[in-house]
Structures are given as structure tokens and as C-alpha cells.
Amino acid sequence: QVQLVESGGGLVQAGGSLRLSCAASGRTFNSYVMGWFRQAPGKERLFVAIRRIGGTTTYADSVKGRFTISRDNAKNTLYLQMNNLKLEDTAVYYCAAGNSGGTYPRYYDYWGQGTQVTVSS
């Protein structure tokens, strides 16, 4: 089992940057596929990025070229570097851990509490 705690959200102007962190407890952090999802008010939770155990990554088309997912297994931490933020990036961002991974929330077993990212004009 793993517990996840996100941090790093906040208010930023369009075009700015933020780096989200997801601290994981448990000694088996590096055995999970890790992903980031986001959920805007009144909308479903959507895939943002995934980093697999072998290091391969996949991004949603909407963030490709602007966001970078990375993980530091020594620190049990997952990151999401977000650059050139847009108004439509405003959402609660969640990190998630799973055994199989994928781009749908149902593939993940463990979730953090979320961190709010608000992009202003």
C-alpha cells in the first residue's frame, strides 16, 4: 500500500510555471506506475501524464510540450513541472499510483487528496 500527498499548487498568471510534488509513503514506491490527473469543477477527472516503471512517459495532447512528469525513487517523490500555463489548466491536480497504469482513473488504486492549480489572465 502507498499513501500520496500532493503539494505545490497555487495561483499563477497565464504563461507562468508551477511544479507539483507528490510525496509517497511506503517502501514500494518504485514498483508502481505513477500518474497525474486533473479535475475541473463540474467535470470528470482527466488524464494528464504517466510515468511507467521503466521510465517511459505519456502525456495528454493538451499538455504535451508544456508539462514534464518525473520521479525520484530515492526521495519517493513524483513531480509535474508545468510551464506556459493556460487558463484551461485550472483544476485540482491529483497524483495516483497503480500496478498497471493507463490513461483512465480506473487503472489506479491509490490517490492523493489533490492540490489546486488556478491560472489567471
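**Exercises: salt bridges and core**

The structure, a predicted model, holds three salt bridges.

**Exercise 1.** Determine which residues are linked in a network of salt bridges.

Solution.
- Start with Arg-38: its salt bridge is with Asp-89, and the closest N and O atoms lie 2.8 Å apart. This pair links distant parts of the chain, with Arg-38 in strand E4 and Asp-89 in the loop between E8 and E9, 51 residues apart.
- Next, Asp-89 forms a salt bridge with Arg-66, again with closest N and O atoms 2.8 Å apart. Here the partners are 23 residues apart, Arg-66 being in the loop between E6 and E7.
- Asp-89 takes part in both pairs, and the network consists of Arg-38, Arg-66 and Asp-89.
- The remaining pair is Lys-64 with Asp-61, whose closest N and O atoms are 3.0 Å apart.

**Exercise 2.** Classify the salt-bridge residues as buried or exposed.

Solution.
- Arg-38 and Asp-89 are both buried.
- Arg-66 has a relative accessible area of 9%. The cut-off for buried is under 20%, so Arg-66 is buried.
- Lys-64 and Asp-61 are both exposed.

**Exercise 3.** Locate Tyr-93 in the largest nonpolar core and find which strand supplies the largest share of this core.

Solution.
- The core has 34 residues, and Tyr-93 is among the four that touch the most other members, with Trp-36, Leu-80 and Met-82.
- Strand E9 (91–98) is one of the strands that each supply at least two core residues. The largest share, five residues, comes from E9.
- Beyond four places in sequence, the contacts of Tyr-93 include Trp-36, Leu-80 and Met-82, and also Arg-38.

Notes
Residues numbered from 1 in each chain as written. Predicted model: local features only at pLDDT ≥ 70, side-chain atom pairs only at ≥ 80, totals over all residues. Heavy atoms only, no water. Core = buried A, V, L, I, M, F, W, Y, C linked by side-chain atoms within 4.5 Å. Buried < 20%, exposed > 50% of the residue type's maximum accessible area, 1.4 Å probe, protein only. Helix = DSSP H or I, 4+ residues; strand = E, 2+ residues; numbered from the N terminus. Contact = heavy atoms within 4.5 Å. Salt bridge = Lys/Arg side-chain N within 4 Å of Asp/Glu carboxyl O.
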